[in-house]
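Me: I keep reading words like "buried" and "antiparallel" in descriptions of proteins. Can we go through one and see where such words come from?

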Amino acid sequence: MSAQPTDTVLTTADGATLALTTQGSGPQLLIVPSVASSRTIDPQPDLATTLATCFTVTTYDRRGTGKSTLPPGSDPDCYTVDQEINDITLIAQHLGATVDVYGFSSGADLALLAAQAGAPIRTLYLLEPPLFEPGTLAVERARMKDLLARDRQQARDYYLRDVVGIPADIVGQIPTLEQHLADVPASLHELTFLPGCNAQRFEGLATPTVLMVSTHTAPRLKRWAAELEQALPQSTLHELPGEWHGIPAEVQLAAIRNHSDQQA
């Protein structure tokens, strides 16, 4: 593994900036983060360093979160998923090769969309992607937009409780950092592109895909993963020991490394 992580800032064609960190050695693996998270507030804080024991791992702040920016003068509510797909392609080109891509939760949906759009992705490693039907989440998005205009803490709590499904008593115990509140507006973007990201949308996607779900996750997340396995002709589904919407980094590494070794 390299001694020190390397930080880079890329500028996109439309003027956004993307802040990256690369560490480790081995095959290139890009981590696509979940909603309104960034390198400093990742819900899986030890994942990148764990994967970097076997891969060259690049993490990044999605546009409009962390130290990545939107184009000058942009409305945080107006960027598109196509722009985010272009960001993934730009990062892959910067890394110099077709990359493996890891995605967690809504980041897994974005990774699927990028692969479907032809981004240079060799293999997908996906942890519990949520699969929402077309026409859903309109009420939640309107509510989020209203709350964001008045109180970002309330908006974040609403998203975690009423959209993600975290029990209210647990939401009340989750600490809120300044960066969390700064990144909350990105949730509106997620609620725009997630509806329609169902298994049927990705039917026939030929990118080799490793799907992972926790033994103790929500039933609907297990069901969605099973539906996705049926839709993707080159996919395998692994139910691994873990908790609600989470699997220890070491357990994920073992599953990812096993597949990678088989493909070598």
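Reply: Sure. In S6, Phe104 has Leu127 as its bridge partner. Keep in mind that this is a predicted model.

Me: How do you know that S5 and S6 pair?

Reply: Two strands pair if there are at least two bridges between them. S5 and S6 have five bridges, in the parallel sense, so they pass that cut-off.

Me: And what makes strand S3 a partner of strand S5?

Reply: The reasoning works the same way here: the cut-off is at least two bridges, and four bridges join S3 (residues 28-32) to S5 (residues 99-104). These two strands run parallel. One of the bridged residues is Val32, whose partner in S5 is Gly103.

Me: What is the order of the strands in the sheet?

Reply: The order is S1-S2-S4-S3-S5-S6-S7-S8, in an open sheet of eight strands with mixed pairing.

Me: Why are S1 and S8 called edge strands?

Reply: Strand S1 (6-11) and strand S8 (235-240) each pair on one side only. As for the twist, neighbouring strands of this sheet are turned by 20 degrees against each other on average, ignoring direction. Helix H2 (residues 81-95) packs on the sheet and touches S1, strand S2 (17-24), S3, strand S4 (56-60) and S5. The direction of H2 makes about 45 degrees with that of S2.

Me: What makes strand S6 largely enclosed?

Reply: A residue is buried if its relative accessible area is under 20%. Six of the seven residues of S6 (residues 121-127) are buried, so the strand is largely enclosed by the rest of the structure.

Me: Why is helix H3 called mostly covered?

Reply: Count the buried residues: 10 of the 11 in H3 (residues 106-116) are buried. Among them are Asp109, Leu110 and Leu113. After H3 comes Gly118, with a positive phi near 95 degrees.

Me: How do you know that H2 and H3 are roughly perpendicular?

Reply: An angle of 65 to 115 degrees counts as roughly perpendicular. H2 and H3 pack at about 80 degrees, with their axes 9 Å apart, and that makes them roughly perpendicular. Val81, Glu84, Ile85 and Ile88 of H2 make the contact with Leu110, Leu113 and Ala114 of H3. By class, those residues are six nonpolar, no polar and one charged.

Me: Why is H4 called roughly antiparallel to H5?

Reply: The cut-off is over 145 degrees. H4 and H5 (residues 152-164) pack at about 155 degrees, with axes 7 Å apart, so H4 is roughly antiparallel to H5. The H4 side of the contact includes Met144 and Leu147, and the H5 side includes Tyr158 and Tyr159. The classes in this contact are seven nonpolar, one polar and four charged residues.

Me: What makes H4 and H8 roughly antiparallel?

Reply: Try the cut-off of over 145 degrees again. H4 (residues 138-150) and H8 pack at an angle of about 165 degrees, and their axes are 10 Å apart. That is why the two are roughly antiparallel to each other. H4 passes H8 in a left-handed crossing. In this contact, Glu140, Arg141, Met144, Lys145 and Leu148 of H4 meet Ser187, Leu188, Leu191 and Thr192 of H8. Sorted by class, that gives four nonpolar, two polar and three charged residues.

Me: How do you know that Ser187 is buried?

Reply: Buried means under 20% relative accessible area. Ser187 has 4% relative accessibility, so it counts as buried. Ser187 lies in helix H8 (residues 186-193). Leaving aside neighbours within four places in sequence, Ser187 is in contact with Val35, Ala36, Met144 and Tyr159.

Me: What makes the phi of Ser105 stand out?

Reply: Most residues other than glycine have a negative phi. Ser105 is not a glycine, yet its phi is positive, near 55 degrees. Ser105 is found in the loop between S5 and H3. With a relative accessible area of 13%, Ser105 is also buried.

Me: And why is Leu137 called buried?

Reply: At 8% relative accessibility, Leu137 counts as buried, because the cut-off is under 20%. Leu137 lies in the loop between S6 and H4. Its phi is positive too, near 70 degrees, and Leu137 is a residue other than glycine.

Notes. Residues numbered from 1 in each chain as written. Predicted model: local features only at pLDDT ≥ 70, side-chain atom pairs only at ≥ 80, totals over all residues. Heavy atoms only, no water. Buried < 20%, exposed > 50% of the residue type's maximum accessible area, 1.4 Å probe, protein only. Contact = heavy atoms within 4.5 Å. Axes fitted to C-alpha atoms, helices over the stretch in contact; angles between N-to-C directions. Parallel < 35°, antiparallel > 145°, perpendicular 65-115°, else oblique. Left-handed = near helix turned anticlockwise from the far one by under 90°. Nonpolar A, V, L, I, M, F, W, Y, C, P; charged D, E, K, R; others polar.
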